Amino acid sequence: MIIVRYGEIGTKSKVSRTRIEGKLVKNIKIAIGKKNVRRTFGRIFVDSDSQEDAVKTSKVFGVVSTSVVKKISSEFDTIIDEGTSYASSRINKDTTYAVRARRTGNHKFHSNDIAVELGARIGEATGASVNLSAPDKTIYVEVRDNNAYLFDEIIDGVGGLPLGTQGKFVSLVSGGIDSPVATWMMMKRGADPICLYLDTTPLVDERTPNRAISSIEKLAEWKNESIKTYIAPFGDVLIKLLKVEDYKLGCILCKRMIYRVAELVAEAEGAKAVVTGENLGQVASQTLDNLYVIDEVISKVPVFRPLIGMDKNEIIDVAKMIDTYEISILPANCCLGPPPNPAISSTLKRVKKAESELDLDRLAKEIFEKSKVERLG
């Protein structure tokens with residue numbers, strides 16, 4: 001079978017823990033195809049001996065680690081005999097080894113008793129040498145009440161909280177490096193994404209929306225289900241915004257319009273936040289002054305920026321880990337509309353004066369109503 005470990009969930013109250021564990025079990029079943037998954041206090045077990053299932057389970061949000069294990073009785077002599085046989089099939093005289101044991105429940109022996117006795121027996125059976133600091137192979141024994149489990153590998157999981165336990169959010173996904181990472185980080189904390197892509201055709205060609213769609217499809221692999229996505233026609237409205245008299249505000253007006261549309265999506269979907277990949281100081285529209293002005297336009301839901309304090313290399317490292325980086329660097333043309341010298345320190349007074357040239361609430365509603373809603377991934 002596969003043993004599944006979680007961490008943060010175990011710190012919750014009894015009621016919350018039961019609810020969150022139940023969601024984690026459900027998500028594991030979705031990930032590996034509805035196999036028998038059951039929980040005991042502190043552990044979840046999957047009836048499967050598949051390494052592939054163990055790897056898939058490790059990528060379920062909320063899982064700290066997994067192992068394919070052999071289940072045996074918790075009788076001391078059985079642990080030693082079975083453990084010696086198990087280790088002998090994995091260790092030879094040229095392999096250094098260590099035994100790590102842990103125990104939960106009431107037994108007549110301690111974890112150290114298992115480590116000492118089993119370690120000695122393995123050495124006698126294989127001729128291998130013990131190395132407690134840097135062994136070639138580690139044999140693990142986990143004793144839980146009437147059962148014990150033998151394993152030799154721990155597959156690290158992603159941790160966090162089970163997806164779907166923290167409500168829904170609207171994520172602004174552009175297809176660049178940052179926004180998929182911001183979305184994934186919110187998913188890791190248990191929140192379920194509704195993606196919003198603002199299609200700026202004719203200011204971009206088909207490569208740009210295709211890249212955004214591909215990045216959302218990759219995120220759906222982490223969810224193990226499709227992601228509801230709004231694809232909003234934004235190009236014609238963006239052209240209007242870029243033609244205002246105070247043209248240096250183009251990027252600020254663009255972002256404020258995007259937030260207007262995102263708020264409408266959040267209302268329609270019952271989402272409790274808007275999430276962006278913005279990072280402090282990375283581009284002109286992401287200075288503290290400009291973020292303050294941009295945020296003012298949205299009032300019904302908060303805006304979260306998971307990447308706000310990260311530098312680009314840190315973001316790239318996460319993008320590579322979650323397999324969105326190669327998609328995000330595919331050839332695509334960025335928006336051709338931004339002014340050559342965009343404003344880096346706007347004010348509300350200046351921005352609202354520029355916006356008074358257009359009926360932006362009406363335009364935002366039109367964009368929302370014309371959006372295509374698809375399930376991606």
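This is a short talk on the fold of one protein chain, from its overall form down to a few unusual residues.

Hi everyone. Before we start, please keep in mind that this is a predicted model.

Let's begin with the whole chain. It contains 13 helices and 16 strands. How spread out is the chain beside a compact globule? The globule rule gives 21 Å for 377 residues, and the radius of gyration here is 26 Å, well over that value, so the chain is more spread out than a compact globule. You can also look at the C-alpha trace, which spans about 85 × 40 × 35 Å along its principal axes.

What about inside and outside? Of the 377 residues, 51% count as buried. The chain exposes about 17500 Å², and carbon and sulfur atoms supply 50% of that area. As for charges, there are 54 positive and 50 negative ones, and their mean positions are 4 Å apart. And if we take the contacts with a separation of 6 or more, 80% of them are between residues 24 or more positions apart.

Now let's walk across a sheet. This one is open, has five strands in the order β5-β9-β8-β6-β7, and its pairing is mixed. Its edge strands are β5 (70–73) and β7 (129–130), each pairing on one side only.

Start at the β5 end. Strands β5 and β9 run antiparallel and are joined by four bridges; here S73 stands opposite N147. Strand β9 covers residues 147–151, and four of its five residues are buried, so the rest of the structure largely encloses it. The next step takes us from β9 to β8, again antiparallel, with five bridges. One pair to find on your screen is V141 with its bridge partner L150 in β9. These two strands form a hairpin with two residues between them, and D145 in that hairpin takes a positive phi near 55 degrees.

Then the direction of pairing changes to parallel: eight bridges join β6 (residues 96–104) to β8 (residues 137–144). Look for A98, which stands opposite T138 in β8.

Let's move on to another strand, β11. Is β11 largely enclosed or open? Four of the five residues in β11 (residues 168–172) are buried, so β11 is largely enclosed by the rest of the structure. Five bridges tie β11 to β12 (residues 192–199), and the two run parallel. Across that pairing, V170 has I194 as its bridge partner.

A nice residue to zoom in on is S171, also in β11. Its relative accessibility is 1%, so S171 counts as buried. Beyond its neighbours within four places in sequence, S171 is in contact with S179, T183, I194, C195, L196 and V275.

I'll finish with some backbone oddities. Most residues other than glycine have a negative phi, and most peptide bonds are trans. Which two residues does a cis peptide bond join? They are T201 and P202, with omega about 15 degrees. P202 sits in the loop between β12 and α6 (207–223).

Following α6, in the loop that leads to β13 (227–233), we meet N224. N224 has a positive phi of about 65 degrees, although it is not a glycine, and at 33% relative accessibility it counts as partly exposed. D323 also has a positive phi, near 70 degrees. D323 lies in the loop between α10 (312–321) and α11 (325–328), and its 44% relative accessibility makes it partly exposed.

Thanks for listening!

How values were computed. Residues numbered from 1 in each chain as written. Predicted model: local features only at pLDDT ≥ 70, side-chain atom pairs only at ≥ 80, totals over all residues. Heavy atoms only, no water. Rg over C-alpha atoms; globule rule 2.2 N^0.38 Å. Buried < 20%, exposed > 50% of the residue type's maximum accessible area, 1.4 Å probe, protein only. Contact = heavy atoms within 4.5 Å. Areas by Shrake-Rupley, 256 points an atom, 1.4 Å probe, with all protein chains shown as cover. Lys, Arg positive; Asp, Glu negative; His and termini not counted. Charge placed at Lys NZ, Arg CZ, Asp CG, Glu CD. Pairing = 2+ DSSP bridges.
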